[in-house]
Amino acid sequence: ASGCERASTTDPTPPAGGQAYVLDYDVFASNIDPLLSGYGCDNSTCHGGGIRGTFELSPAGDKDIAFDFAQARLQVNGYEPVSSPLIMKPLAPECGGPGHAGGFLFTELDNPDYLAILAWIEAGEFK
């Protein structure tokens with residue numbers, strides 16, 4: 001085959017990947033996971049009872065903050081934080097929420113808990 005006369009003796013340079021959106025684990029552990037637990041998101045009939053939709057949390061009686069953090073990160077849109085499913089799903093339709101089988105936790109955009117989660121997401125950065 002033309003152009004294939006000799007194979008490379010060195011490994012190819014791995015392709016450069018895209019940037020990851022990095023969120024603060026400590027803020028999640030101290031502020032965000034307790035909010036999710038406080039709203040009952042981790043109970044056995046909700047996200048703590050196994051995956052619901054695309055979101056799962058460790059159950060209330062067996063908390064695994066690292067697991068919850070990894071799951072919450074999957075619900076974040078770093079390019080458009082305000083559209084992240086983590087805050088959009090529990091947002092009431094009159095505030096722009098798409099609907100949520102577990103009910104609407106945030107009925108106002110100035111809810112302090114909504115704002116805390118949004119601030120955590122917005123504080124992330126691409127690295």
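**Entry 1. Pocket**

I began with the lining of the largest pocket, which by class has 11 nonpolar, 6 polar and 2 charged residues. The model is a predicted one. I then looked up the volume of this largest pocket and noted about 310 Å³. The lining counts 19 residues, and the closest to the pocket centre are His 47, Arg 52, Phe 55, Lys 89 and His 100. I took His 47 from that list for the next entry.

**Entry 2. His 47**

I placed His 47 in the loop between α1 (25–38) and α2 (65–73). Buried or exposed? His 47 has a relative accessible area of 10%, and the cut-off for buried is under 20%, so I entered it as buried.

I listed the contacts of His 47, leaving aside neighbours within four places in sequence: Cys 41, Arg 52, Phe 55, Glu 56, Leu 57 and His 100. Arg 52, Phe 55 and His 100 are also on the list of residues closest to the pocket centre. For Phe 55 I noted a further detail: its backbone oxygen is reached by the side chain of His 47 at 2.9 Å. I also checked His 47 against Ala 60, 13 residues away along the chain, and found 10.0 Å between the C-alpha atoms.

**Entry 3. Chain overview**

I stepped back to the whole chain. It holds 4 helices and 2 strands, and from the N terminus the order of elements is β-α-α-α-α-β. Of the 127 residues, 35% are buried. I looked at contacts between residues at least 6 apart in sequence and found that 47% of them join residues at least 24 apart.

**Entry 4. Aromatic residues**

I counted 8 aromatic pairs in the structure. One of them is Tyr 25 with Phe 69, an edge-to-face pair with 5.1 Å from centre to centre and 80° between the planes. This pair links distant parts of the chain, since Tyr 25 belongs to helix α1 and Phe 69 to helix α2, 44 residues apart.

I compared the accessibility of the two partners. Tyr 25 has 35% relative accessibility and counts as partly exposed. Phe 69 has 9% and counts as buried. I also found both residues in one aromatic cluster, together with Phe 28 and Trp 120.

**Entry 5. Asp 33 and Asp 68**

I looked up two aspartates on the two helices. Asp 33 is in helix α1 and Asp 68 is in helix α2. How accessible is Asp 33? Its relative accessible area is 3%, and it is buried. Asp 68 is also buried, with a value of 0%.

With residues up to four places away in sequence not counted, Asp 33 touches Phe 28, Lys 63, Ile 65 and Asp 68. On the same basis, Asp 68 is in contact with Phe 28, Asp 33, Leu 57, Ser 58 and Lys 63. Phe 28 and Lys 63 are thus on both lists. I noted that Phe 28 is also a member of the aromatic cluster, and that Leu 57 is also a contact of His 47.

**Entry 6. Lys 63**

I followed Lys 63 next and placed it in the loop between α1 and α2. Its relative accessible area is 32%, and it is partly exposed. Which residues does Lys 63 touch beyond four places in sequence? I listed Asp 33, Ser 37, Asp 42, Ser 58 and Asp 68.

I looked closer at two of these. The side chains of Lys 63 and Asp 42 are joined by a polar contact of 3.2 Å. For Ser 58, the backbone oxygen lies 3.3 Å from a polar atom of the Lys 63 side chain. I also recorded Lys 63 and Gly 48, which are 15 residues apart in sequence, with 9.3 Å from C-alpha to C-alpha.

**Entry 7. Thr 54**

I ended with Thr 54, found in the loop between α1 and α2. Thr 54 counts as exposed at 56% relative accessibility, whereas His 47 in that loop is buried at 10%. Leaving aside neighbours within four places in sequence, Thr 54 is in contact with Gln 71 and Gln 75. I also looked up Leu 74, which is 20 residues from Thr 54 in sequence and 8.5 Å from it in space, C-alpha to C-alpha.

Key:
Residues are numbered from 1 along each chain as its sequence is written. This is a predicted model: local features need pLDDT of at least 70, side-chain atom pairs count only at pLDDT 80 or more; totals for chains, interfaces and linings use all residues. Side-chain values use heavy atoms; hydrogens and water are left out. Buried means under 20% relative accessible area, exposed over 50%, partly exposed in between (1.4 Å probe, protein chains only). Contact means heavy atoms within 4.5 Å. A polar contact is a pair of N or O atoms within 3.5 Å; within protein, one must be able to donate a hydrogen and the other to accept it, and residues adjacent in sequence count only if both atoms are side-chain atoms. On a 1 Å grid over the protein atoms alone, a cavity is a set of points where a 1.4 Å probe fits but cannot get out, and a pocket is an open set with protein on both sides within 12 Å along at least five of seven lines; lining residues have an atom within 4 Å of a point. Grid points are joined across faces, edges and corners, and a volume is the space filled by probe spheres set on the points. Ala, Val, Leu, Ile, Met, Phe, Trp, Tyr, Cys and Pro count as nonpolar, Asp, Glu, Lys and Arg as charged, and the others, Gly among them, as polar. Rings of Phe, Tyr and Trp (its six-membered ring) pair if their centres lie within 6.5 Å; planes under 30 degrees apart count as stacked, over 60 as edge-to-face and the rest as tilted.
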